[in-house]
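Grab a pencil and open the viewer. Here are a few exercises to work through with the model in front of you.

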Amino acid sequence: QGGQLTAAALASAPANVQKQMLGEKLFPAISRYQPELAGKITGMMLEMDNSELLILLESEQQLRVKVDEAMRVLSGTRP
């Protein structure tokens, strides 16, 4: 199917499916920046509010900022 994930499409899905839908869109977007850690970063981001995640999917710049933030958190947890 592909294409843009809209707030309406998301709202019409059951709550347990919404995160999965967001994850399926976020993962490839995050993979462009951090292919090795895309799964982990996607998981971290899915803890955010759905409305915030929709904004990230619409704004490459905001997504990039969040990916960089996640990388800082991850690098801080490494010994």
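What follows is a set of exercises on helix packing and a few chosen residues, each with a worked solution.

This is a predicted model, so local features need pLDDT of at least 70 and side-chain atom pairs count only at pLDDT 80 or more, while totals for chains, interfaces and linings use all residues. Residues are numbered from 1 along each chain as its sequence is written, and side-chain values use heavy atoms, with hydrogens and water left out.

**Exercise 1. Work out how helix α2 and helix α4 pack.**

Step 1: Find the helices. Helices here are DSSP runs (H or I, at least four residues), numbered from the N terminus. Helix α2 covers residues 15-31 and helix α4 covers residues 50-58.

Step 2: Get the geometry. Axes are lines fitted to C-alpha atoms, over the stretch in contact for helices, and angles run from 0 to 180 degrees between N-to-C directions. The axes of α2 and α4 come within 11 Å and cross at roughly 20°. That makes α2 roughly parallel to α4 (angles under 35 degrees count as roughly parallel, over 145 as roughly antiparallel, 65 to 115 as roughly perpendicular and the rest as oblique).

Step 3: Add the hand. The crossing of α2 and α4 is left-handed, meaning that the near helix is turned anticlockwise from the far one by less than a right angle; clockwise would be right-handed.

Step 4: List who meets whom. With contact taken as heavy atoms within 4.5 Å, α2 brings Gln 18, Lys 19, Leu 22, Lys 25 and Leu 26, and α4 answers with Asn 50, Leu 53, Leu 54 and Leu 57. Sorted by class, this contact has 5 nonpolar, 2 polar and 2 charged residues (Ala, Val, Leu, Ile, Met, Phe, Trp, Tyr, Cys and Pro are nonpolar, Asp, Glu, Lys and Arg charged, and the others, Gly among them, polar).

**Exercise 2. Which residues do the side chains of Gln 18 and Asn 50 engage?**

Step 1: Place them. Gln 18 sits in α2, and Asn 50 sits in α4.

Step 2: Check burial. Gln 18 is buried at a relative accessible area of 15%, and Asn 50 is buried too, at 16% (buried is under 20%, exposed over 50%, partly exposed in between, with a 1.4 Å probe and protein chains only).

Step 3: Look for polar partners. The side chains of Asn 50 and Gln 18 are joined by a polar contact of 2.9 Å (a pair of N or O atoms within 3.5 Å; within protein, one must be able to donate a hydrogen and the other to accept it, and residues adjacent in sequence count only if both atoms are side-chain atoms). A polar atom of the Gln 18 side chain also lies 3.0 Å from the backbone oxygen of Ala 13.

Step 4: Fill in the neighbours. Skipping anything within four places in sequence, Gln 18 contacts Leu 10, Ala 11, Ala 13 and Asn 50. On the same terms, Asn 50 contacts Leu 10, Gln 18, Lys 19 and Leu 22.

**Exercise 3. Now describe the crossing of α2 and α3.**

Step 1: Helix α3 spans residues 38-45, and its axis comes within 9 Å of that of α2, crossing at roughly 135°. That makes α2 oblique to α3.

Step 2: This crossing is right-handed.

Step 3: From α2 come Gly 23, Leu 26, Phe 27, Ile 30 and Ser 31; from α3 come Ala 38, Gly 39, Ile 41, Thr 42 and Met 45. By class, that's 6 nonpolar, 4 polar and no charged residues.

Step 4: Zoom in on Ala 38 in α3. Ala 38 is buried, at 0% relative accessibility. Beyond four places in sequence, Ala 38 touches Phe 27, Ile 30 and Ser 31.

**Exercise 4. Is Leu 56 buried or exposed, and what does Leu 56 touch?**

Step 1: Leu 56 lies in α4.

Step 2: Its relative accessibility is 3%, so Leu 56 counts as buried.

Step 3: Not counting residues up to four places away, Leu 56 touches Met 45, Met 48, Gln 62, Leu 63 and Lys 66.

Technical notes. Helices (H or I, at least four residues) and strands (E, at least two) are DSSP runs, numbered from the N terminus.
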